[in-house]
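Q: Hey, I'm new to this one. Can you walk me through a few spots in it?

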Amino acid sequence: MKPAPVPSASVSPTPSPIPGPPGLSKRARPRRVIAVGGGKGGIGKTLVSANLGIALAQAGMRVLLVDVDLGGANLHTCLGVGQPNATLSDFVRSSKVQIEDIIIPTGVPQLSLIAGAQDALDAANLKYAQKQKLQRALMAQQVDYLLLDLGAGTSFNTLDFFLMADHGVLVVLPEPTAVENAYRFVKAAFFRRLQQVEAQYGIEDLVESALTTREGALRTPHDFIAQVRQHDPNAGARLERDLQSFRIRLVVNQARTDADMNVGTAVVSAWKKFFGLEMDELGAIRYDDEAWRAVRKRRPILLERPDSAAAQGLQRIAARILTLDSPGSAGFSTP
């Protein structure tokens, strides 16, 4: 079955849709939340977010893309959407603006967009109450996939949006510095997660110690869990079970060689060995000149050149996510 045509004369034919899991669209809240983050800027998070959203929509899923890159919003540009009249700024600042007032169509059936804040300095310092208001509103959306395009780095706001996702997708380039930044991002997200549950397990002092740079401070999640077990075996066991849901989904972008295509496997193996936690490899996206040409045209690669290597890599990643969310799969759980 062919996907519904996109209402634009310049759109290239789209590939066959990915079969979606049955019953996914019957939930009254986001069936799944995906957050796309990374350790630094310029690694292709927005390209991945935009095209992943398109791929899921082509599969028949209702998708809401949200630009949560606080301070550098450009998801609408990547989608070829003009400057929106209303953005996240309007919603978080005004009690009169509802979340539905800032949701706009993208021209792709089943895919909607909330554009990011345009006043960078103010948005980057989103207050706690504003963040909670936005999170509550987003989690009330009745879509199959809520897809968050996050900013770079490890600010608390970025990490908190990353941690609210069912699938925390980490984008990394096959370069030593990028991989190092990715490890740093995951460690920061892990310890931010610990801060969220520290009172529940009575481990406030241990968390504070782990976050310091003093000599002897805990360096890895594996070290931390071992320390909690030593302090309180029962609490350590319960915490370890609780943290099993902290599982990163890795995407390698701009892979130029076959060795680059295997970087994800190496990163996943190293993370499990040295940090003691699970991580999943979603796939790799080939470096493709067609991708930057599409960006220059303000066109998603999945619509501009669906036959390109980059587009097909993104389709495979979307298919992997849908497989994880299929009932009976290892990655499936009922919210």
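A: Sure. One term before we start: a residue is called buried when its relative accessible area is under 20%. Also, this is a predicted model.

Q: Okay, which residues of β5 are buried on each side?
A: Y145, L147 and D149 are buried on one side, and L146, L148 and L150 are buried on the other, which leaves both faces of β5 covered. The strand spans residues 145–150, and 6 of its 6 residues are buried.

Q: Why would neighbours end up on opposite sides?
A: Because side chains in a regular strand alternate between the two faces of the sheet.

Q: Which way does β1 run against β5, parallel or antiparallel?
A: Parallel, over 5 bridges, with β1 being residues 32–37. As one example, A35 has L148 of β5 as its bridge partner.

Q: And how many bridges join β2 to β5?
A: 6, and those two strands run parallel as well. In that pairing, V63 is bridged to Y145.

Q: Y145 again! What does the side chain of Y145 have to do with D325?
A: The two side chains share a polar contact of 2.5 Å. D325 also reaches the side chain of H167 through a polar contact of 2.9 Å.

Q: Where is D325 found?
A: In the segment after α15, the helix covering 309–324.

Q: Is D325 buried or exposed?
A: Buried, because its relative accessibility is 0%.

Q: New topic: where does V267 lie?
A: In helix α12, residues 263–275. V267 counts as buried because its relative accessibility is 7%.

Q: What does V267 touch further along the chain?
A: Leaving out residues up to four places away, V267 touches V179, Y183, L250 and M279. L250 is 17 residues from V267 along the chain, with 8.7 Å between their C-alpha atoms.

Key: Residues are numbered from 1 along each chain as its sequence is written. This is a predicted model: local features need pLDDT of at least 70, side-chain atom pairs count only at pLDDT 80 or more; totals for chains, interfaces and linings use all residues. Side-chain values use heavy atoms; hydrogens and water are left out. Helices (H or I, at least four residues) and strands (E, at least two) are DSSP runs, numbered from the N terminus. Buried means under 20% relative accessible area, exposed over 50%, partly exposed in between (1.4 Å probe, protein chains only). A polar contact is a pair of N or O atoms within 3.5 Å; within protein, one must be able to donate a hydrogen and the other to accept it, and residues adjacent in sequence count only if both atoms are side-chain atoms. Contact means heavy atoms within 4.5 Å. Two strands pair if DSSP finds at least two bridges between them.
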